[in-house]
Amino acid sequence: MNTLIRLPGLVDVHVHLREPGGEHKETFASGTAAALAGGVTTVLAMPNTSPPLTDAETFGLARARARAGARCDYGLFLGATAANLELPADLPGQAAGLKVYVNETFGPLRLESLPVVLAHLQRWRGPGPVAVHAEGLMVPALTALSALTGRPVHICHVSRAAELAVIRLAKEHGYPVTCEVTPHHLWLTEADLPELGPLGLMRPPLASAADRDALWANLDVVDCIATDHAPHTLAEKHSTTPPPGVPGLETLLPLLLTAVHERRLTLDRLVDLTNTRPRTIFRLPAQPETYVEADTAEHWTLPPSGWHTQCDWSPFAGMPVVGRVARTVVRGRLAYDGGHVLASPGSGQNVREE
Ligand SMILES: [Zn+2]
C-alpha cells in the first residue's frame with residue numbers, strides 16, 4: 001500500500017531565525033534547512049533580533065542576510081517600538097507584517113503604552129496584518145483595538161482556553177481578528193515541566209491540561225498552526241538564566257500527521273491551518289510546483305539530536321509519532337530528500353519581492 005501523500009508546502013508564520021546577532025543559535029541558512037526538513041517552504045521571521053528590525057537600516061541588513069542565506073521562501077516582520085511610528089512609506093510593503101509585543105518576551109521590543117499601540121494600529125499600511133504577542137487580558141484589549149480601528153490583528157501563539165474563547169466571540173462579531181497556536185501548546189503542558197526542565201520554558205509558558213484540551217476542542221476557531229521556532233543553544237538553556245523558546249520547525253508535520261493518524265485532525269484541515277489560511281491572512285504569493293511528500297505510515301520516535309536546526313535539540317524528544325517528511329520540492333526543484341537538505345543558501349525568495 002502506498003502511504004506517501006503529497007501536501008502543499010507548509011507556511012510557518014512565526015519563526016525566529018536569529019540573524020542578525022544570534023548566529024550562534026541559528027542562521028537563515030540553518031533555520032531554513034530545518035524548515036525544508038520539516039516540509040515548510042515559507043517562513044515568516046520575527047524581528048526580535050539584535051539589533052531588532054525596527055527601521056529601514058536594520059530591516060535592510062536582515063533582508064540582505066536573508067537573501068544570501070535562506071534556502072526556502074521567507075518574509076521578515078518589522079518590530080513596533082515607541083520610536084518608529086513614522087516608518088518610511090515603502091517599508092510596510094516590504095515586511096511580512098508588523099509585530100507588536102505587549103507581553104513579556106525575549107528581547108527589548110515590549111510596548112506598554114496604549115497611545116503607541118493604538119497609533120501603530122491606526123497607521124500600519126502593510127499588506128500583512130499586525131501580529132501581536134498578547135496574553136491574558138491583553139487578548140481582549142488587542143481584539144477591541146482591532147475592532148475599533150478596523151485593522152486586521154493576528155494574535156500569536158494563543159495558549160489558554162479563555163483567550164481562545166475571546167477570539168471566538170470576536171470572530172462571531174465579525175472583528176478582523178485571526179490567531180495561531182503552536183505545537184508545543186497543543187502537545188505539552190505544565191505537567192511536562194519537571195521532565196523538560198529549562199527545555200520546557202517558552203513564552204507564553206506551557207499551560208494546564210485543561211487549556212491544552214481547549215485548544216484541541218476549539219481548533220475550529222484557530223487559523224494557523226505556527227511553530228514559534230525559537231532556538232537557543234543547549235548551553236544557554238541549561239544556564240542559570242535560561243532564555244525562553246524552543247525549536248519546532250522539524251517536528252511540526254510529524255506531530256500534525258500523528259494527529260491525523262489519531263483522527264484528531266483531518267488532512268484537509270491540516271492543509272487549511274498550515275497553508276491556505278496563512279497565505280490568505282498574510283497575503284502571500286502562490287508557490288508553483290511546491291510541495292512536501294510525507295510517509296503517513298512511518299512510526300518513529302522524535303530523537304534528542306540529529307536535527308538540522310543549529311541548536312540541535314527538541315522539546316518533543318522521545319515522543320512517538322506516525323508520519324515523516326520524505327522530500328520537499330520548491331518550485332519544481334528537490335530541496336530536501338531523505339534526510340538531506342539539497343537547496344542551497346540564497347535559493348529562497350522574499351515573499352514581498354517579485
Ligand atoms: Zn515568537
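In this predicted model, the charged end of Arg324 is perched over the ring of Trp300, 3.8 Å from the ring's centre. Arg324 belongs to strand S12, which covers residues 320-330. With a relative accessibility of 33%, this arginine counts as partly exposed. Setting aside neighbours within four places in sequence, Arg324 touches Leu257, Glu293, Ala294, Asp295, Glu298 and, once again, Trp300. Arg283 is another story: it sits 41 residues from Arg324 along the chain, and the C-alpha atoms of the two are 29 Å apart. A charge over a ring turns up with Arg6 as well, whose charged end lies over the ring of Tyr291, 3.7 Å from the centre.

Next come rings that meet other rings. A pair of aromatic rings is described by two things, the distance of the centres and the angle of the planes. Searching the whole structure turns up two such pairs. One of them joins Phe77 and Phe282 edge-to-face, with 5.9 Å from centre to centre and 85° between the planes. Phe77 sits in the loop between strands S4 (73-76) and S5 (78-79), while Phe282 sits in the loop between helix H11 (267-281) and strand S11 (291-301), so this pair ties together parts that are 205 residues apart in sequence. Both Phe77 and Phe282 are buried.

Trp187 and Trp216 make up an aromatic pair too, again edge-to-face, at 5.1 Å centre to centre and with 85° between the planes. Here the link runs between helices: Trp187 is in H6 (residues 183-187) and Trp216 is in H8 (residues 209-217), 29 residues apart, which makes these distant parts of the chain. Trp187 and Trp216 are both buried. Helix H8 also holds Ala217. Unlike a buried residue, Ala217 is exposed, because its relative accessible area is 59%, and exposed means over 50%. From Ala217 to Leu193 is 24 residues along the chain, and 23 Å between their C-alpha atoms.

Then there is the metal. A zinc ion is held by His14 and His16, each through NE2, and by Asp228 through OD, at 2.1 to 2.2 Å. Written along the chain, the spacing of these donors reads H-x1-H-x211-D. His14 lies in strand S2 (residues 10-15) and Asp228 in the loop between strand S10 (224-225) and helix H9 (234-237), so the two tie together parts that are 214 residues apart in sequence. His14 and Asp228 are both buried.

Some of those names come back when empty space inside the protein is considered. Rolling a probe the size of a water molecule over the atoms shows where such space is left. The count comes to three cavities of 30 Å³ or more. The largest holds about 140 Å³ of space. Its lining is made up of 18 residues, and those nearest the centre are His16, Thr105, Arg203, Asp228 and Ala230. His16 and Asp228 therefore appear twice, being zinc donors and also residues of this lining.

Finally, helix H3 (residues 114-123) shows how a helix can be tucked in. Its buried residues include Val116, Val117, Ala119, His120 and Leu121. An α-helix has 3.6 residues a turn, so residues three or four places apart point the same way. The partners that the buried residues of H3 pack against are strands S6 (98-101), S7 (130-133) and S8 (153-155), together with helix H4 (138-149).

Definitions and conventions: Residues are numbered from 1 along each chain as its sequence is written. This is a predicted model: local features need pLDDT of at least 70, side-chain atom pairs count only at pLDDT 80 or more; totals for chains, interfaces and linings use all residues. Side-chain values use heavy atoms; hydrogens and water are left out. Rings of Phe, Tyr and Trp (its six-membered ring) pair if their centres lie within 6.5 Å; planes under 30 degrees apart count as stacked, over 60 as edge-to-face and the rest as tilted. Helices (H or I, at least four residues) and strands (E, at least two) are DSSP runs, numbered from the N terminus. Buried means under 20% relative accessible area, exposed over 50%, partly exposed in between (1.4 Å probe, protein chains only). A charge sits over a ring if NZ of Lys or CZ of Arg is within 6 Å of the ring centre and within 35 degrees of the ring normal. Contact means heavy atoms within 4.5 Å. Donors are N, O and S atoms within 2.8 Å of the metal (3.2 Å for Na, K and Ca); water is not among the atoms, so sites may look incomplete. On a 1 Å grid over the protein atoms alone, a cavity is a set of points where a 1.4 Å probe fits but cannot get out, and a pocket is an open set with protein on both sides within 12 Å along at least five of seven lines; lining residues have an atom within 4 Å of a point. Grid points are joined across faces, edges and corners, and a volume is the space filled by probe spheres set on the points.
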